[in-house]
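Subject: The structure I promised you

Hi,

Here is the structure for you to open up and turn around on your screen. Once you have it in view, read on for what turned up.

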Number of protein chains: 2
Amino acid sequence: MNNYDIKHTVNDKYSLRGRVFQKIREDILSGKYKENEELKEVAIGEELGVSRTPVREAFRQLELEGLIQIIPNKGAYVTGITAKDVKDIYMIRSLLEGLCARMATEKITKEQMEEMEENIYLAEFHAGKGHMDQMAELDNRFHDILYEACDSKMLEHLLKDFHQYVLRVRQKTLATNSRGNASNNEHKQIMEAIKAKDADRAEKLANQHMINAYDNMVKNGLYEIYGDASSEE
Amino acid sequence: MNNYDIKHTVNDKYSLRGRVFQKIREDILSGKYKENEELKEVAIGEELGVSRTPVREAFRQLELEGLIQIIPNKGAYVTGITAKDVKDIYMIRSLLEGLCARMATEKITKEQMEEMEENIYLAEFHAGKGHMDQMAELDNRFHDILYEACDSKMLEHLLKDFHQYVLRVRQKTLATNSRGNASNNEHKQIMEAIKAKDADRAEKLANQHMINAYDNMVKNGLYEIYGDASSEE
DNA sequence: AATGGTATGATTGTATACAATTATACGAGA
DNA sequence: TCTCGTATAATTGTATACAATCATACCATT
């Protein structure tokens, strides 16, 4: 009993629907499908060599992931993220990543702690070599470890959702070399606070880590690709 | 442009799929479908007078909402809310309601402020008369006003989701008369902080409001209907 | 009696056909 | 020329048919 794995995940890589889901998601995140672009069931079905049924089911999931918006009887459109959305997400994430770090301090396993240390070590290595792709990957993984370590399926799922959502932005942000290094350092400090079982400090550092990431983004003006928020603020 | 509403929502009440989704969700939240119960496509389809197709699509959405878990080629099972889930949700909500109150302090409109004051006035009236149903309704509405007032679609949607999720628990908790009164008082204080434009105080009060609600729930042992968390803590 | 394998039924996965809705084009009337 | 309405095409919504997978029962073998 109670051996159910993870809810909220699309884990069947081998069903057609699962593959279609992964593919479209990848194409949206990579920028192949642009903001507000309409996705047509038959076109995507033909491209992947499947019928409309699995495509439609994938659409329903992508909608709840927030990557597309479905207007009934009309179509599926890639959702745009506004600058205001990004700001709100980072404010929310700041609090929740803090809570996550606090909980992880109590609940983290030995294996997770080790992977976290290894992650930071590797990130420092790749930073020195200027390997941007690997650094982005390690950055993602650091947060995933933290999410898993907090031992709360609810919080884990929520943070993974948000993480996913701003991936498009983050990919570009980390391309700024200096922020990559700063981010590594902040990860290291968070890790050390957790290792020292200092939950208060871990929480505050994680709070600040998000705020710094956002500030950097604003400073570099990179978030502007997601539309102007001036009309909304 | 940019008049799209909310992401992550299933807003088509009029399509079969939308109705099926709402119906199953309601039945899960109301307890008609119990934890670990298997939901069969044809059975539900026949019950609602529709074919498997809209049922399947609704399933895919319910899975991402976290209400059911789909095991490929096997079936769809109702996921239960454990006591740990409830606890986690209240911790998350504590932070986010705080953030919401802070943002609302800045963004609330005159109309929203007035409705909030009226809400508290009415709640006091019904508390004196012992009208439990109206008090529950007003309690829900108070939070909805707050969510709308923060002027963040992201946060609003997130909080409404959680609010909905723990509705079963909350309904019972408010049945405790003393808590109903205490809750009203806390609402009043939050309202006054917002009116006085004291964002810090509003945030702290909203934080504490959630913690109190949770503590009360634990004290009354009401959350135990959601299964034992002893094995998970 | 216990075990293993095969046949049968039940259930989900996918494809396709048809219905309903929406978008587009074109022509009539002013 | 402009506007409105209708016809047509394109697209999504739903139902159904068929394929694949999984669960169950029964029988043969030991």
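Let's begin with the surface near DNA strand D: α3 of chain A, together with α1 (16-30) and α3 of chain B, each supply at least two of its residues. Keep in mind that this is a predicted model. There are 20 residues around DNA strand D, and the ones that come nearest are Arg56(A), Leu16(B), Ser51(B), Thr53(B) and Lys74(B). By class, that surface has five nonpolar, six polar and nine charged residues.

Which parts of DNA strand D lie within 4 Å of the protein, bases or sugar and phosphate? Of those atoms, 66% belong to sugar or phosphate, and the rest belong to bases. You can find examples of both kinds. A phosphate oxygen of the strand is 2.8 Å from a polar backbone atom of Ser51(B), and another example has a polar side-chain atom of Lys40(A) at 3.1 Å from a phosphate oxygen. For a base, look at Arg52(A): an N or O atom in its side chain is 2.9 Å from a base nitrogen of DNA strand D.

Now swing over to DNA strand C. Here 19 residues surround the strand, and the closest are Leu16(A), Ser51(A), Thr53(A), Lys74(A) and Arg56(B). Sugar and phosphate make up 68% of the strand's atoms that come within 4 Å of the protein. Three pairs of atoms are worth clicking on:

- Ser51(A) has a backbone N or O atom 2.9 Å from a phosphate oxygen of DNA strand C.
- Thr53(A) places a polar side-chain atom 2.7 Å from a base nitrogen of DNA strand C.
- Lys40(B) has a polar side-chain atom 3.2 Å from a phosphate oxygen of DNA strand C.

The elements giving two or more residues to this surface are α1 (16-29) and α3 (52-65) of chain A, plus α3 (52-65) of chain B. Sorted by class, the residues here are five nonpolar, five polar and nine charged.

Next, a little sheet in chain A. Three strands make an open sheet in the order β1-β3-β2, with antiparallel pairing. Its edge strands are β1 (38-39) and β2 (68-71), each of which pairs on one side only. As a reminder, the strands of a sheet pair through backbone hydrogen bonds, either parallel or antiparallel. β2(A) pairs with β3 (residues 75-78) of chain A over four bridges, in the antiparallel sense. To see who faces whom, find Gln69(A), which stands opposite Tyr77(A) in β3(A), and then Ile70(A), whose bridge partner in β3(A) is Ala76(A). Together β2(A) and β3(A) form a hairpin with three residues between them, and Asn73(A) in the turn has a positive phi of about 65°.

Then there are the cysteines. How many disulfides are there over all chains? The count comes to zero. Cys150(A) is in no disulfide, and the nearest cysteine sulfur, in Cys100(A), is 3.9 Å away. Why is Cys100(B) not bonded to Cys150(B)? The sulfur of Cys150(B) is the closest cysteine sulfur to that of Cys100(B), but at 3.9 Å it is too far for a bond; the cut-off is 2.5 Å. As for where these residues sit, Cys150(A) is buried, with a relative accessible area of 1%, and Cys100(B) is buried too, at 0%.

Last stop: helix α9 (residues 177-195) of chain B, where you will find His187(B). Is His187(B) buried or exposed? It counts as buried, because its relative accessibility is 2% and buried means under 20%. Setting aside residues up to four places away in sequence, His187(B) touches Ile120(B), Asp139(B), Phe142(B), His143(B) and His209(B). With His209(B) there is also a polar contact of 3.0 Å between the side chains. Met116(B) is 71 residues from His187(B) along the chain, and their C-alpha atoms are separated by 9.1 Å.

Asn184(B) has its place in helix α9 of chain B as well. It is buried, with a relative accessible area of 11%. Apart from neighbours within four places in sequence, Asn184(B) is in contact with Ala123(B), Glu124(B), Ala127(B) and Met135(B).

Have fun exploring!

Conventions. Residues are numbered from 1 along each chain as its sequence is written. Chains are lettered from A and ligands numbered from 1 in the order in which they are written. This is a predicted model: local features need pLDDT of at least 70, side-chain atom pairs count only at pLDDT 80 or more; totals for chains, interfaces and linings use all residues. Side-chain values use heavy atoms; hydrogens and water are left out. A residue is near a molecule or strand if one of its heavy atoms lies within 4 Å of it. A polar contact is a pair of N or O atoms within 3.5 Å; within protein, one must be able to donate a hydrogen and the other to accept it, and residues adjacent in sequence count only if both atoms are side-chain atoms. Ala, Val, Leu, Ile, Met, Phe, Trp, Tyr, Cys and Pro count as nonpolar, Asp, Glu, Lys and Arg as charged, and the others, Gly among them, as polar. Buried means under 20% relative accessible area, exposed over 50%, partly exposed in between (1.4 Å probe, protein chains only). Two strands pair if DSSP finds at least two bridges between them. Contact means heavy atoms within 4.5 Å.
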